[in-house]
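Biologist: I am new to this kind of reading, and I would like to go through the features one at a time. Could we begin once the structure is in view?

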Amino acid sequence: MRLRGGKRMLQLKVDAITHYSNGKNRCKICGIKEIEFLTLDHIEGRENVEHPRKMGGHQLCYWLKKRNYPPICQVLCMNCNWLKQLDENKKKWKNTYSAICNRKSKDKIKLEIFSKVSNQKNPSCYCCGYSNFEAVSLDHIDGRENAGHPKNNAWGSRFSGMEFWRWLKKQGYPPICQVFCTNCNLAKRDNPECPHERK
């Protein structure tokens with residue numbers, strides 16, 4: 001039953017991507033074609049559509065299909081989707097002196113940590129070589145549950161970001177992580193392997 005359900009959910013995704021890409025099944029921006037990397041992007045943002053704001057995945061694909069695929073989405077890969085959302089968020093960032101300094105400090109720490117983890121001066125995705133620094137993150141090689149760090153921080157939120165980076169540095173960079181782009185990271189999470197590994 002789980003297998004049949006998985007096939008139905010995959011077919012819903014394929015149908016939606018095929019429709020919104022006019023049968024091309026590729027990212028509108030960069031042209032990537034692997035289905036594991038493709039996702040639906042709300043052209044005008046989630047806040048401007050009729051469905052519940054948190055609706056996603058196969059539920060969103062089913063909702064779109066029932067309404068004959070309204071023209072509210074486009075097909076992007078997860079890297080391009082991430083960068084588009086980041087550009088939208090940047091418009092809301094504060095431009096005070098302290099805010100700018102905080103962002104520069106965070107970028108400096110991220111570059112230091114990622115360079116150390118990847119053994120590269122300019123960190124790129126370990127799997128595909130993607131090098132846009134704004135769309136790379138750290139992937140837990142054997143899964144987050146086997147990493148040996150706390151699951152949550154002192155406030156009960158997920159242990160990630162700056163806290164995780166500092167923990168890695170304090171622990172002497174244990175070999176539990178690798179630098180992945182958003183495409184490879186999420187494709188590995190949702191599938192037995194990244195499409196690049198099959199190649």
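Biologist: How many aromatic pairs does a search of the whole structure find?

Modeller: Please keep in mind that this is a predicted model. A pair of aromatic rings is described by the distance of the centres and the angle of the planes. Searching the whole structure gives 4 aromatic pairs. In one of them, the ring centres of Phe-114 and Phe-133 are 5.9 Å apart and the planes stand at 75 degrees, so this pair is edge-to-face. Phe-114 belongs to helix α4 while Phe-133 sits in the loop between α4 and β3, so the pair ties together parts that are 19 residues apart in sequence.

Biologist: Which residues form one aromatic cluster with Phe-114, and is Phe-114 itself buried or exposed?

Modeller: The cluster consists of Phe-114, Phe-133 and Trp-165. Phe-114 is buried, its relative accessible area being 1%, whereas Phe-133, at 24%, is partly exposed. Another pair is formed by Phe-164 and Trp-167, whose ring centres lie 6.3 Å apart with planes at 20 degrees, so that this pair is stacked. These two residues are 3 apart in helix α5 (residues 161-170), which means that about one helical turn separates them, and both Phe-164 and Trp-167 are buried.

Biologist: Where do the axes of α3 and α6 stand with respect to one another, and at what angle do they cross?

Modeller: The axes of helix α3 (residues 78-90) and helix α6 (residues 182-190) come within 7 Å and cross at roughly 120 degrees, and because of that angle α3 is oblique to α6. The crossing is right-handed. On the side of α3 the contact is made by Met-78, Asn-79 and Trp-82, and on the side of α6 by Thr-182, Asn-183, Leu-186 and Ala-187; these residues divide into 4 nonpolar, 3 polar and no charged.

Biologist: What is there to notice about the phi of Asn-25 and of Asn-119?

Modeller: Most residues other than glycine have a negative phi. Asn-25, although not a glycine, has a positive phi of about 50 degrees, and it lies in the loop between α1 (2-20) and β1 (38-42). The phi of Asn-119 is likewise positive, near 55 degrees, and Asn-119 is found in the loop between α4 and β3. With a relative accessible area of 21%, Asn-25 is partly exposed, while Asn-119, at 73%, is exposed.

Biologist: Is Ser-124 buried or exposed?

Modeller: Ser-124, placed in the loop between α4 (97-118) and β3 (136-140), counts as buried because its relative accessibility is 12%, and buried means under 20%. Leaving aside neighbours within four places in sequence, Ser-124 is in contact with Gly-129, Tyr-130, Ser-131 and Val-179.

Conventions:
Residues are numbered from 1 along each chain as its sequence is written. This is a predicted model: local features need pLDDT of at least 70, side-chain atom pairs count only at pLDDT 80 or more; totals for chains, interfaces and linings use all residues. Side-chain values use heavy atoms; hydrogens and water are left out. Axes are lines fitted to C-alpha atoms, for helices over the stretch in contact, and angles run from 0 to 180 degrees between N-to-C directions. Helices (H or I, at least four residues) and strands (E, at least two) are DSSP runs, numbered from the N terminus. Angles under 35 degrees count as roughly parallel, over 145 as roughly antiparallel, 65 to 115 as roughly perpendicular and the rest as oblique. A crossing is left-handed if the near helix is turned anticlockwise from the far one by less than a right angle, and right-handed if clockwise. Contact means heavy atoms within 4.5 Å. Ala, Val, Leu, Ile, Met, Phe, Trp, Tyr, Cys and Pro count as nonpolar, Asp, Glu, Lys and Arg as charged, and the others, Gly among them, as polar. Buried means under 20% relative accessible area, exposed over 50%, partly exposed in between (1.4 Å probe, protein chains only). Rings of Phe, Tyr and Trp (its six-membered ring) pair if their centres lie within 6.5 Å; planes under 30 degrees apart count as stacked, over 60 as edge-to-face and the rest as tilted.
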